[in-house]
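Colleague: Could you take a close look at one part of this model for me, starting with how open to the outside its residues are? After that, please carry on to the other features you would check alongside it.

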Amino acid sequence: MTTNPTDLITPQSAILHRHTHFIPKKAVGGKGSYIFLEDGTKFLDSTGGAAVSCLGHGHEKVSQAVIQQIEQLSYCHSAFFGTDVAEELARFLTESTGGKLSKLYVVSSGSEAVEAALKLARQYYLELPVPQPQRTRFIARSPSYHGITLGALGAGGHVLRREPFEPLLAQNTSHVSPCYAYRGKLDGESDVEYVERLAAELDAEFLRVGPQNVCAFIAETVVGAALGAVPPVPGYLSAMKRICKKHGALFILDEVMSGMGRTGTLHAWEPESVIPDLQTIGKGLGGGYVPVSGVLIGDEIVRTLDRGSGAFRHGQTYQGHPVSCAAALATQRVIREEGLLENVRVLGAYLGERLWARLGACRFVGDVRGRGLFWGIEFVQNRTTKEPFPTSANVAFRIQETGLDPAFSISLYAASGTVDGTRGDHVLLAPPYNVTREEIDLIVERTGRVIESVFERVEREMEMTTSGTD
């Protein structure tokens, strides 16, 4: 009997879900660290979706701010009007950088923010007193991920995400190695030596493509989905900015996932005090209460634009949306007023300690790394050689799917391509900033049980494969 391809399409939903063969359970409510499902399951949202729900679910102050803004003014087009709430949000965020990033551009998603940053970097060179129109290139890292729209996808260096659309992507971005100490550092190499080697590689790439042709180098401050919560080694960010400055290029930090408090400081670059020329923000900006993201813009870029045309040749319908700004402002005020960054630092360190204690002996856990409440667990076949599992094993996604089982009811954000954009598996944990110590213990306990359950099956499959070969 042959199967008609149309028979595989499930008719129960009119939504094009992420996979046509799978209809997710419906979420019907949420409070704090939990989402309530239609079947009565109380689901532990230990990842905040995709590191988004930084205040958990149902925070009354944010909800009330959204309602009040809707009642006052739900929408106006930024080509005609501005709003007080957008101005307040911009002041809050620019002041948090000491005014070094002096303007805010508000859009709706991380991909949109990256698109705007890339275009603004290009326009900056056209607005200089002596324009540099030859600057059309970007340098990024591989693996990396900066968004799913064509421009952002082209900037990123993630094979699996790029592959279907490769013919559509611009060819003006080249890639260098990421700062990924677990796999990138050589035996016996110090942090200083590792940073020097990465800086030399970036410098060589500038020279290869022509430094006069490069608009900017773009990197995630703490790498999210592409590598799994990988923080930079000390001195890396300052070294990268130094190379950019040497060649007259801009330094762009993508903090869509790692910023706005996720790693324990409002901006993930704060521990090194390396302020970028352009910074993208999102996810934790509005905590998931509405879609919102933005670009923080260096004062030199602002002044150059002001002395030139004065007009950023880019605009979107929902740019500076009043309700989005209200949700973002309320979220950021709660984080400050409730002292949640301290909670992120303290309980983040506790989460890391507990994960190592629970998973350190698992022979398939290669590394546990992170900062603040942003942690990644990387899986390997062999801890000594760091050999990843074959892509056919689907390790990370099996762990994510197992977590969804009512027996565990926990979110574990899965990603693959950790090693080279194709091979390698990891999962992310990103609980809300107001998580409790008891909830951290529960997250670690359930995460450990999920991983053990999956690898019991994986080991059986490996044994069957070995015996079959024999």
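Modeller: Happy to! Asp-191 has a relative accessible area of 29%, so it counts as partly exposed, since buried would require under 20% and exposed over 50%. Bear in mind that this is a predicted model. The side chain of Asp-191 meets that of Lys-185 in a salt bridge, with 2.6 Å from N to O. Lys-185 is itself partly exposed, at a relative accessible area of 26%.

That pair belongs to a broader set: searching the whole structure turns up 21 salt bridges. Let me take you through some others. Arg-162 and Glu-166 are joined by a salt bridge whose closest N and O atoms are 2.6 Å apart. Here the two partners fall into separate classes of exposure. Arg-162 has 10% relative accessibility and therefore counts as buried, whereas Glu-166, at 29%, counts as partly exposed.

Glu-88 and Arg-333 make another salt bridge through their side chains, at 2.9 Å from N to O. This one links distant parts of the chain, as Glu-88 sits in helix α3 and Arg-333 in helix α11, with their positions 245 residues apart in sequence. As for accessibility, Glu-88 is partly exposed at 30% relative accessible area, and Arg-333 is partly exposed at 36%. There is a network to look at as well: Arg-183, Asp-367, Arg-369 and Glu-378 are linked by salt bridges.

Helices α3 and α11 come up again when we turn to the pockets. The second largest pocket holds about 790 Å³ of space. Elements that contribute two or more residues to its lining are α3 (84-95), β4 (101-107), α10 (299-307) and α11 (322-337). In total, 29 residues line this pocket, and those nearest its centre are Glu-87, Lys-103, Leu-104, Tyr-105 and Gln-319. By class, the lining of the second largest pocket comprises 17 nonpolar, eight polar and four charged residues.

What about enclosed space? Rolling a probe the size of a water molecule over the atoms shows where empty space is left. The whole structure contains one cavity of 30 Å³ or more, and the largest cavity has about 40 Å³ of space. Its lining is made up of Arg-141, Pro-143, Ser-144, His-146, Pro-178, Ala-219, Glu-220, Val-223 and Leu-227. Sorted by class, that lining has five nonpolar, two polar and two charged residues.

Back on the surface, Leu-150, Phe-165 and Leu-168 come together as a nonpolar patch, and their joint accessible area is about 300 Å². Leu-150 belongs to helix α5, which covers residues 150-155. With a relative accessible area of 44%, Leu-150 is partly exposed; that value passes the cut-off of over 30% that a patch residue needs.

One last stop, if you are still with me, is Thr-391. This residue is found in the loop that connects β12 (374-379) to α13 (395-404). Thr-391 has 47% relative accessibility and so counts as partly exposed. From Thr-391 to Leu-412, the separation is 21 residues in sequence and 18 Å in space, taken C-alpha to C-alpha.

Note on methods. Residues are numbered from 1 along each chain as its sequence is written. This is a predicted model: local features need pLDDT of at least 70, side-chain atom pairs count only at pLDDT 80 or more; totals for chains, interfaces and linings use all residues. Side-chain values use heavy atoms; hydrogens and water are left out. Patches are made of residues with over 30% relative accessible area and no salt bridge: like charges are joined within 9 Å, nonpolar side chains (Val, Leu, Ile, Met, Phe, Trp, Tyr) within 5 Å. Accessible areas come from the Shrake-Rupley method with a 1.4 Å probe; for residues, only the protein chains shown count as cover. A salt bridge is a side-chain nitrogen of Lys or Arg within 4 Å of a carboxyl oxygen of Asp or Glu. Helices (H or I, at least four residues) and strands (E, at least two) are DSSP runs, numbered from the N terminus. Buried means under 20% relative accessible area, exposed over 50%, partly exposed in between (1.4 Å probe, protein chains only). On a 1 Å grid over the protein atoms alone, a cavity is a set of points where a 1.4 Å probe fits but cannot get out, and a pocket is an open set with protein on both sides within 12 Å along at least five of seven lines; lining residues have an atom within 4 Å of a point. Grid points are joined across faces, edges and corners, and a volume is the space filled by probe spheres set on the points. Ala, Val, Leu, Ile, Met, Phe, Trp, Tyr, Cys and Pro count as nonpolar, Asp, Glu, Lys and Arg as charged, and the others, Gly among them, as polar.
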